[in-house]
Amino acid sequence: MAILPIRTLPDPILRQKAKRVKGFDKSLRHLVEDMIDTMRAAPGVGIAGNQVGVLLRVCVIELPEEKGHVRVFVNPEVLSRSGQRELEEGCLSYPGYRGKTLRSERVTVRAMGLDGKPFTVKAEGDLLAHALEHETDHLNGILYLDRMLSKDAIWPVIEAKPVEAQAASE
Ligand code: NI
């Protein structure tokens, strides 16, 4: 298990389309384990193959309310999406910013598990629906910057430092 370096813009791999996984073997399980470690260390709600430098259609999601339960999606495909909602989001590959995006209300995704068995997940109006769109976008070379409500609907995130740390650094 390892924490992998996270690719950030303008790394071109973030703009490439990931390839379908064909082998459900040990190397896939190993990749997923590393992706989980990397996501947790960041910390983030989800991470996709491109973000760790692997152009394979794999993403993982761990919702804050499901800590310890990681959802693994191999070869995910969005079967349908409907409705619209405005959301706020950030991305590990574009750190230090958050932006307002337009996303779907309802999302249905078909994917395979680590065992190659297909499953379908439906999400509506929640963080899972949001994360499913964000992560499947990554696998198609799309970033939330492409889903912005408007060009200027983005702002830097200022991290509040503890008083001690401020004193030490100054
Ligand atoms: Ni992202």
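Asn-75 is a buried residue in this predicted model, since its relative accessibility is 2%, and a residue counts as buried when that value is under 20%. The residue belongs to strand S3, which covers residues 71–82. Its phi angle lies near 50 degrees, which is a positive value in a residue other than glycine. The side chain of Asn-75 also makes a link to the backbone, reaching the nitrogen of Val-21 at 2.7 Å. When neighbours within four places in sequence are left aside, the residues in contact with Asn-75 are Arg-20, Val-21, Phe-24, Arg-57, Arg-110, Ala-111 and Met-112.

A nickel ion is held by three side chains, with Cys-91 contributing its SG atom and His-134 and His-138 each contributing NE2, at 2.0 to 2.3 Å. Along the sequence, these donor residues follow the spacing C-x42-H-x3-H. The two histidines are both part of helix H2 (residues 127–139), in which they stand four residues apart, or about one turn of the helix. An α-helix has 3.6 residues a turn, so residues three or four places apart point the same way. The donor residues are also covered: His-134 has a relative accessible area of 9% and is therefore buried, His-138 counts as buried at 1%, and Cys-91 counts as buried at 9%.

Cys-91 also enters the description of the cysteines, for which the count of disulfides comes to zero. Cys-59 takes part in no disulfide, and the nearest cysteine sulfur to it, that of Cys-91, lies 12 Å away, whereas a disulfide would need the two sulfur atoms within 2.5 Å. Cys-59 is nevertheless buried, with a relative accessible area of 1%.

Helix H2, which carries the two histidine donors, is mostly covered, as twelve of its 13 residues are buried. Among these buried residues are Leu-128, Ala-131, Leu-132, Glu-135 and Asp-137, as well as both His-134 and His-138. The length of the helix can be checked against a simple expectation: at 1.5 Å a residue, the 13 residues of H2 should span 18 Å, and because its end C-alpha atoms are 18 Å apart, the two values agree. Just after H2, Gly-141 adopts a positive phi of about 75 degrees.

In soluble globular proteins, nonpolar side chains tend to be buried together. In this model, the largest nonpolar core has 19 residues, of which Ile-61, Phe-73, Val-121, Leu-128 and Leu-132 touch the most other members. At least two residues of this core are supplied by each of strand S2 (58–61), strand S6 (106–112), strand S7 (118–124) and H2. The largest share, amounting to five residues, comes from H2. The surroundings of Ile-61 show this arrangement in more detail, for beyond its neighbours within four places in sequence it is in contact with Met-39, Val-45, Gly-46, His-69, Val-70, Arg-71, Phe-73, Leu-128, Ala-131, Leu-132 and Glu-135. Apart from this core lies another one, of 14 residues, and Leu-28, Leu-31, Val-32 and Ile-36 are among them.

Helix H1 contains Thr-38, a residue that counts as buried because its relative accessibility is 2%. With its neighbours within four places in sequence again left aside, Thr-38 is in contact with Ala-2, Ile-3, Leu-4, Ile-6, Ile-47 and Val-52.

Two cis peptide bonds can be described in relation to helix H1. The bond from Leu-9 to Pro-10 is cis, with omega near 10 degrees, and Pro-10 lies in the segment before H1, a helix that covers residues 26–41. The bond from Ala-42 to Pro-43 is likewise cis, with omega near -10 degrees, and Pro-43 is found in the loop between H1 and strand S1 (46–48).

Methods:
Residues numbered from 1 in each chain as written. Predicted model: local features only at pLDDT ≥ 70, side-chain atom pairs only at ≥ 80, totals over all residues. Heavy atoms only, no water. Donors = N, O, S within 2.8 Å, 3.2 Å for Na, K, Ca; no water. Buried < 20%, exposed > 50% of the residue type's maximum accessible area, 1.4 Å probe, protein only. Core = buried A, V, L, I, M, F, W, Y, C linked by side-chain atoms within 4.5 Å. Contact = heavy atoms within 4.5 Å. Expected span 1.5 Å × (residues − 1). Polar contact = N/O pair within 3.5 Å; in protein donor to acceptor, adjacent residues only side chain to side chain.
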